[in-house]
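Me: Please take a close look at the salt bridges here and set them in the context of the fold. How many salt bridges does a search of the whole structure find?

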Amino acid sequence: MISPLLANVYLHYAFDLWVKHWRKHQATGDTVVVRYADDIVAGFENRADVERFLSEWKERMQKFGLSCTRTRRA
């Protein structure tokens, strides 16, 4: 029970706050990011935003010793 709670708190600082900043300063089109526990769904208006987000997100997660195990593009 404590592990999911700690993961949620950790990801709030490692991911959620970063996404908020990224969306405000980097996104050129509409961007929607939803996180539930350790699952993330993201939607982008522009393909360039997708590519930049994925690249920067992977770098961000590596800084915290995390990795993206699966990405699926529609």
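Reply: Helices (H or I, at least four residues) and strands (E, at least two) are DSSP runs, numbered from the N terminus. The elements of this protein then run α-β-β-α from the N terminus on, with two helices and two strands in total. The model is predicted, so local features need pLDDT of at least 70 and side-chain atom pairs pLDDT 80 or more, while totals for chains, interfaces and linings use all residues. Numbering starts at 1 along each chain as its sequence is written, and side-chain values use heavy atoms, without hydrogens or water.

Of the 74 residues in the protein, 22% are buried (under 20% relative accessible area; exposed is over 50%, partly exposed in between; 1.4 Å probe, protein chains only).

The search of the whole structure gives three salt bridges (a side-chain nitrogen of Lys or Arg within 4 Å of a carboxyl oxygen of Asp or Glu). Asp16 and Arg35 make one of them, with an N to O distance of 2.6 Å between their side chains. This pair links distant parts of the chain: Asp16 belongs to helix H1 and Arg35 to strand E1, 19 residues apart. Helix H1 covers residues 2-25, and strand E1 covers residues 31-36. The two partners fall into separate burial classes: Asp16 is partly exposed at 22% relative accessible area, whereas Arg35 is buried at 19%.

The burial of Arg35 fits the pattern of its strand. Side chains along E1 alternate, with Thr31, Val33 and Arg35 on one face and buried, and Val32, Val34 and Tyr36 on the other and not buried. In a regular strand, side chains alternate between the two faces of the sheet. Strand E1 is joined by six bridges to strand E2 (residues 39-44), and the two run antiparallel (strands pair if DSSP finds at least two bridges between them). Within this pairing, Val33 is opposite Ala42 of E2. Two residues lie between the strands of the hairpin, where Ala37 takes a positive phi near 55°.

The other two pairs to describe are in helix H2. Glu51 and Arg47 meet through their side chains at 3.5 Å, N to O. Helix H2 spans residues 47-63, and because Glu51 and Arg47 are four residues apart in it, about one helical turn separates them. Arg47 is exposed, with a relative accessible area of 59%, while Glu51 is partly exposed at 33%.

Arg52 forms a salt bridge with Asp49, where the closest N and O atoms are 2.4 Å apart. Here the partners are three residues apart in helix H2, so Arg52 and Asp49 are also separated by about one helical turn. Asp49 has 0% relative accessibility and counts as buried, whereas Arg52, at 26%, counts as partly exposed. Side chains of opposite charge can pair when their charged atoms come close.

To put the pairs side by side: Asp16 with Arg35 connects helix H1 to strand E1, whereas Glu51 with Arg47 and Arg52 with Asp49 each stay within helix H2. Arg35 and Asp49 are buried partners, and Arg47 is an exposed one.
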